[in-house]
There are 2 protein chains.
Amino acid sequence: MEIKSYLNEQRQLVESSFDSYIPAAEGVFSDHLQAMRYSLFAGGKRVRPILCLAAARAVGNAIPDEDILPVACALECIHTYSLIHDDLPAMDDDELRRGKPTNHVIYGEAGAILAGDGLLTLAFDILCNTGYGKLDTEKRLRISHVIARAAGSLGMVGGQALDIANENTTFPFETLQAIHRSKTGALITASVLAGAIAAGADEAQLDGLTQYGDQTGLAFQIVDDLLNATSTTEQLGKAAGSDEEHGKATYPAYFGLEETRNKAKLAVEEAKKGLKSFGDDARPLRLLADYIYTRSH
Amino acid sequence: MEIKSYLNEQRQLVESSFDSYIPAAEGVFSDHLQAMRYSLFAGGKRVRPILCLAAARAVGNAIPDEDILPVACALECIHTYSLIHDDLPAMDDDELRRGKPTNHVIYGEAGAILAGDGLLTLAFDILCNTGYGKLDTEKRLRISHVIARAAGSLGMVGGQALDIANENTTFPFETLQAIHRSKTGALITASVLAGAIAAGADEAQLDGLTQYGDQTGLAFQIVDDLLNATSTTEQLGKAAGSDEEHGKATYPAYFGLEETRNKAKLAVEEAKKGLKSFGDDARPLRLLADYIYTRSH
């Protein structure tokens, strides 16, 4: 399996399913729905949905795509909302994302705040909709809870609050770890667990996949820090060097570039150890961990 | 039953339950959690939680409070988040709410956006947490879905987007109705339905309660328009006359004060007709409809 063709194929699978779950931009709310769709369809690697699908496959039960795709799509709605809000003038004040103007540049601040609110709420509308796929209610509820916990104030939202509050301050490395774990790591781990729960993983499998998710999330964030410090804006499709400009603490600031690269590699190795009881069905997850280390944007 | 003592008692019941479901402001995310708690504990009539509890009682099955209170609390989290975001400078730019400075005045814009995001996500964390109360998974999932649909882009968030987009414009009365129905009405109806579903209402009961919720929500919004036009800022605890200042269309602007009062009264009567098949257990719901018409803030 070639990772690039696998990623392309999975990304297309995810994107082609969006219209089944995202309301069309029509009717009395069409402008607002268009603002939501603008960011959701603006591209992106779709890492969280693909991790969710790959984790379901790794568990080995033959669960149909249409049972996982609503969950995968909800995860991308949450990720997209978080980007829209993070980019706001009151937050990171970024005008470029995926090579395109950010949501508030096109739809205004109020429009962007509401597009984010709409996408976050839509995620739970999708997850709790028993008309999508054939997951039993216990699984749906457990998946929704895992995702809500990871996306909320003790996870992603809390991490963003901590990140913003600590701009232009110096703080111990433990705080940086807390920011990374909550802001990025929590939803990545939840993406893996959501797919695994959907596919009927047992508790031992969930433990291994939690380690995989946590370490993959860590690698992802470390590489993000590296890319922000070493790439051009054109390569990233968003503002390069913005971490330094915002006075944000990053792995390179603590450890330098070389040691940071080593830490990312180590995290990928630890991630794969979480998969040791899994067979060939977990090959996509292993390749995804490698890809996260080697990606260039 | 005296409505004021009933409302007081129910409000205290709801507020005393918050600490069971809202994380304490401690640990690494304490500042962010404090921002969420600031607005949640800032007072308020707790109309949505009380409607939820009253609807559960109206159905007549002896469901314990502890099975409904998580749902009631989640509804108040969603209502509170919507107020925090509505008050932002990019939206209605209000500095006073319930007689206190609005969230962004205290915690800054980024802090307020994230407090809102946190409360919205927490609502679904609570609703999907099988450790709270003893509702079965089907009911939990159905309640979560009804609330997500009502709070999202085809409901409350869509209504706010429509309201903002139409400031300082003239538009047909049908648009005002769409704004009211979605921005305020949808979550009020969902509050009623959530309590009723928890208590095991049948489809005929849900139909009657939908009519009750829709008409009560309409009455609530019409009275809100009236109070905004006729009260002082001190009476309201928020900026009086702000609708006119923001160039917002309201019932009084279309119909004048007297005809607007008649329309509110009519909506209350229509609301009570939805309860005609209910017995004495629905008395609190009937009194609540009257209260919504006669309230002064």
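User: What radius of gyration does chain A have, set against that of a compact globule with 297 residues?

Analyst: In this predicted model, a compact globule of 297 residues would be expected to have a radius of gyration near 19 Å, and the value for chain A agrees with that. Along the principal axes, the C-alpha atoms of chain A fill a box of roughly 50 × 50 × 35 Å. The radius of gyration of chain A is 18 Å.

User: What percentage of the residues in chain A is buried?

Analyst: A residue is taken as buried if 20 or more other C-beta atoms lie within 10 Å of its own. Chain A, which has 13 helices and 2 strands, has 297 residues, and the buried share of them is 55%.

User: Which element gives the most residues to the side of chain A that touches chain B?

Analyst: The contact takes 45 residues from chain A and 46 residues from chain B. On the side of chain A, the elements giving two or more residues are α2 (30-40), α5 (103-127), α6 (137-151) and α7 (156-165). The element that gives the most, with 11 residues, is α5(A).

User: How are the two copies related?

Analyst: Chain A is superposed on chain B, with an RMSD of 0.0 Å, by a rotation of 180 degrees with 0.0 Å of shift along its axis. The copies meet through the same surface, because 100% of the interface residues of chain A are also interface residues in chain B. The two copies are thus related as by a two-fold rotation axis.

How values were computed: Residues numbered from 1 in each chain as written. Chains lettered and ligands numbered in written order. Predicted model: local features only at pLDDT ≥ 70, side-chain atom pairs only at ≥ 80, totals over all residues. Contact = placed C-beta atoms within 7 Å. Helix = DSSP H or I, 4+ residues; strand = E, 2+ residues; numbered from the N terminus. Least-squares fit on C-alpha atoms with pLDDT ≥ 70 in both. Rg over C-alpha atoms; globule rule 2.2 N^0.38 Å. Buried ≥ 20, exposed ≤ 12 C-beta atoms within 10 Å, placed from the backbone.
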